[in-house]
Amino acid sequence: MKGTSLGFIEISGVAAAIDALDIMCKTSGVELATWERKLGGRLVTVIVRGDVAAVTEAVETASKNAIKKPAASGVIANPHREILRLVELSAGRFRKGQQSPRLDEQTIQEV
């Protein structure tokens with residue numbers, strides 16, 4: 001899936017993050033871009049990608065319906081290439097050796 005938007009939810013706990021991700025993926029056609037765990041998993045940031053409307057709907061729905069209230073959430077439409085690079089670096093840490101679709105300026109231009 002080629003995405004032009006990134007959605008973020010920062011929430012306390014891995015279980016709550018997985019719940020929020022499940023809600024986001026079921027709400028609209030978004031997919032997981034990457035995730036980050038901090039403080040031993042006590043604070044988790046989930047990043048999804050998709051078109052702007054789908055990402056916005058997914059983040060809003062998960063923020064309202066997740067098992068815990070998110071610490072923060074947001075949507076970036078048409079992210080700058082440095083943001084895309086940062087997300088790629090994060091994704092690369094947990095995709096050991098897997099070839100992942102590139103989220104870059106060319107992908108955004110194709111959409």
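Helix 1 and helix 2 of this predicted model pack against each other at an angle of about 140°, with 8 Å between their axes. Two packed helices are described by the angle between their axes and the distance between the axes. Because angles over 145 degrees count as roughly antiparallel and those of 65 to 115 degrees as roughly perpendicular, with oblique covering the rest above 35 degrees, the two helices are oblique to each other. Their crossing is right-handed. On the side of helix 1 the contact is made by Asp19, Ala20, Ile23, Met24 and Thr27, and on the side of helix 2 by Glu57, Ala58, Val59, Thr61, Ala62 and Asn65. The residues of this contact divide into six nonpolar, three polar and two charged.

The helix pair belongs to a protein chain with four helices and four strands, whose elements run β-α-β-β-α-β-α-α from the N terminus on. Of the 111 residues in the chain, 40% are buried. Among contacts between residues at least 6 apart in sequence, 76% join residues at least 24 apart.

**Nonpolar cores**

In soluble globular proteins, nonpolar side chains tend to be buried together. The largest nonpolar core here has 18 residues, and those with the most contacts inside it are Ile9, Ile11, Met24, Val30, Val46, Val48 and Ala62. Strand 1 (5–12), helix 1 (14–27), strand 3 (43–50) and helix 2 each supply at least two residues of this core, and the largest share, six residues, comes from helix 1. A second, separate core has five residues, including Leu6, Ile47, Leu84 and Val87.

Val48, one of the residues with the most contacts inside the largest core, touches Ser5, Leu6, Gly7, Leu21, Met24, Val30, Glu31, Leu32 and Ala33 when residues up to four places away in sequence are not counted.

**Three buried residues**

Ala62, Pro70 and Glu36 can be set side by side by their relative accessible area and by one C-alpha separation for each.

| Residue | Relative accessible area | Partner and sequence separation | C-alpha separation |
|---|---|---|---|
| Ala62 | 0% | Thr27, 35 residues | 8.4 Å |
| Pro70 | 12% | Ile11, 59 residues | 4.4 Å |
| Glu36 | 17% | Val14, 22 residues | 10.0 Å |

Ala62 lies in helix 2 and takes part in the contact of that helix with helix 1. Leaving out residues up to four places away in sequence, Ala62 touches Ile9, Ala20, Ile23 and Met24; among these, Ala20, Ile23 and Met24 are also helix 1 residues of the interhelix contact, while Ile9 and Met24 are listed, with Ala62, among the residues with the most contacts inside the largest core.

Pro70 is found in the loop between helix 2 (52–65) and strand 4 (72–77). With a relative accessible area of 12%, Pro70 is buried, because the cut-off for that class is under 20%. Apart from neighbours within four places in sequence, Pro70 is in contact with Ile9, Glu10, Ile11 and Ser63.

Glu36 has its place in strand 2 (residues 31–38). This glutamate is buried as well, since its relative accessible area of 17% is also under 20%. Not counting residues up to four places away in sequence, Glu36 touches Leu43, Val44, Thr45, Ser90 and Arg93.

Note on methods. Residues numbered from 1 in each chain as written. Predicted model: local features only at pLDDT ≥ 70, side-chain atom pairs only at ≥ 80, totals over all residues. Heavy atoms only, no water. Buried < 20%, exposed > 50% of the residue type's maximum accessible area, 1.4 Å probe, protein only. Contact = heavy atoms within 4.5 Å. Core = buried A, V, L, I, M, F, W, Y, C linked by side-chain atoms within 4.5 Å. Axes fitted to C-alpha atoms, helices over the stretch in contact; angles between N-to-C directions. Left-handed = near helix turned anticlockwise from the far one by under 90°. Nonpolar A, V, L, I, M, F, W, Y, C, P; charged D, E, K, R; others polar.
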